[in-house]
Amino acid sequence: LTCPTEGHSTLTVDTHHDSPWANVIMSAEGSRKPQVVVVGGQFAGRRAAKLLRRGGRFGVTLVDAKSFWEYTPGALRCLVEPRATRRLLQPHPPGTVNATAVGFEKTKTREGDAVKGVKLNDGSNLRADYVVLATGSSYVSPIKAASDKPCSVEDRKKIIMAAHKKLASAPSVLIVGGGTVGVELAAEIVGVWGKSKSVTIITPHSRLLERMPPRAGMLAQRWLTKKGVRVILNDRIEDWGGSKTGGDPALKPSGGTWKLQTRGGEELHASLVYPCIGGAPAAGPADKSTLGSRGEVNVDDSFRVEGLRNVFAVGDCAGTAEEKTAFTADLNATAVAHNIRAAHNGKRVKEYPKVCGARSVPSITVVSLYKWSAVMQFNKLVFGGPVPALVKWFIETMQVHAAKETPVLTELWDVVEQTNVFLGGFMFK
């Protein structure tokens with residue numbers, strides 16, 4: 001394989017997994033570059049790989065079972081408007097290894113256990129001086145593609161189109177869960193089909209968007225009920241009536257509606273049922289001994305995986321208490337890129353979020369209410385309307401360009417995120 005090195009000449013190396021030169025990139029001077037294997041190509045993984053490639057100091061290999069990056073907050077828009085996939089699905093950069101990481105090759109050092117290779121599902125082994133786990137989380141299809149199964153851009157488009165056709169043909173929809181996904185899905189459906197579809201959303205909590213300040217749930221509920229959505233609070237599904245609780249929601253084979261029973265004794269009827277009750281961390285190749293009770297990867301305050309001195313975990317898979325958003329995933333990646341450089345230079349790694357120049361991570365969330373309205377939280381400030389919708393559009397546009405590594409816009413987005421961290425340290429606290 002001929003490997004171009006940034007700012008240097010090219011070198012031909014044998015990448016067969018039995019070769020002593022597997023996954024090794026050499027500089028023009030002949031010195032071996034330290035190798036970083038990044039597992040997972042979504043927000044945190046893609047950003048970590050990009051930051052570590054800068055300057056050409058490290059050889060970076062991005063591994064992902066999927067062949068694309070997806071703007072996952074836009075997946076619900078794709079369900080109602082499949083043409084949105086054209087901009088929200090971006091192929092991975094050249095050199096990405098399309099495979100599933102299934103385990104680690106370990107070694108013992110004076111400083112403790114370390115990983116020297118990442119095992120792939122085809123039997124090959126990528127040599128590694130450092131590993132970044134950015135394997136994300138799982139969620140029911142079609143809302144999110146599986147992180148550990150092969151999937152091309154065309155495969156994903158077909159899945160979304162099939163889901164769109166089912167949704168378009170369903171006279172009534174029940175959404176189970178009143179968090180961000182449930183609220184945005186309900187808003188997308190009524191945004192396109194209006195009151196021609198019967199839409200119900202049910203949550204066991206006393207309000208929608210229970211992880212945001214109360215005003216956010218109130219604004220979302222007001223918008224949804226005005227559009228004809230029935231909102232059921234303080235109740236949960238006790239009997240799903242044969243409808244799927246996982247996997248692709250399905251129409252009833254015999255036609256008609258699913259009949260579901262709530263704990264409060266109400267019978268609900270719906271042609272299509274979407275369980276939007278949260279995802280689960282996807283730990284990828286991590287050992288079970290490093291996992292927490294929910295399957296999250298246990299990490300210290302620098303994102304280093306417990307018991308492994310050269311492995312870091314970021315984003316949805318990491319066992320941190322912060323809200324899991326694209327913004328925090330980017331901050332995680334920034335922190336880990338800094339700490340890997342520090343560790344390689346023999347310096348002390350820094351705790352998060354101080355490594356990003358912040359005492360705390362600001363709470364920034366924008367929940368879309370179709371195209372022209374949204375609810376936004378910036379720390380304790382919560383407001384709704386068209387301005388948050390404009391902010392959401394700007395975030396989506398910049399994230400897509402950052403994933404494509406569009407010149408100027410990528411650097412501009414870095415500045416925007418750094419500004420948010422700075423302002424979030426003292427505004428609306």
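**A tour from an exposed loop to a helix pair**

Select Ala 321 to begin: with a relative accessible area of 86%, Ala 321 is exposed. The model is a predicted one. Ala 321 sits in the loop that links β20 (311-313) to α7 (326-344). Now add Leu 174 to the selection and draw the C-alpha to C-alpha distance from Ala 321. The two residues are 30 Å apart in space and 147 residues apart in sequence.

Next, go to helix α8, residues 386-404, and pick out Phe 394, which has its place there. Is Phe 394 buried, partly exposed or exposed? Its relative accessible area is 32%, and because values between 20% and 50% count as partly exposed, Phe 394 is partly exposed. Add Leu 390 and Trp 393, and show the surface. Together with Phe 394 they form a nonpolar patch on the surface, with about 330 Å² of accessible area together.

Keep α8 in view and select helix α9, residues 409-424. The axes of α8 and α9 come within 8 Å and cross at roughly 130 degrees. An angle of 65 to 115 degrees would count as roughly perpendicular and one over 145 as roughly antiparallel; α8 and α9 are therefore oblique to each other. The crossing of the α8 and α9 pair is left-handed.

Last, select Thr 410, found in helix α9. Thr 410 has 3% relative accessibility and so counts as buried, the cut-off being under 20%. Add Gln 399 as well: from C-alpha to C-alpha, Thr 410 and Gln 399 are 8.3 Å apart in space, with a separation of eleven residues in sequence.

Key. Residues are numbered from 1 along each chain as its sequence is written. This is a predicted model: local features need pLDDT of at least 70, side-chain atom pairs count only at pLDDT 80 or more; totals for chains, interfaces and linings use all residues. Side-chain values use heavy atoms; hydrogens and water are left out. Patches are made of residues with over 30% relative accessible area and no salt bridge: like charges are joined within 9 Å, nonpolar side chains (Val, Leu, Ile, Met, Phe, Trp, Tyr) within 5 Å. Accessible areas come from the Shrake-Rupley method with a 1.4 Å probe; for residues, only the protein chains shown count as cover. A salt bridge is a side-chain nitrogen of Lys or Arg within 4 Å of a carboxyl oxygen of Asp or Glu. Helices (H or I, at least four residues) and strands (E, at least two) are DSSP runs, numbered from the N terminus. Buried means under 20% relative accessible area, exposed over 50%, partly exposed in between (1.4 Å probe, protein chains only). Axes are lines fitted to C-alpha atoms, for helices over the stretch in contact, and angles run from 0 to 180 degrees between N-to-C directions. Angles under 35 degrees count as roughly parallel, over 145 as roughly antiparallel, 65 to 115 as roughly perpendicular and the rest as oblique. A crossing is left-handed if the near helix is turned anticlockwise from the far one by less than a right angle, and right-handed if clockwise.
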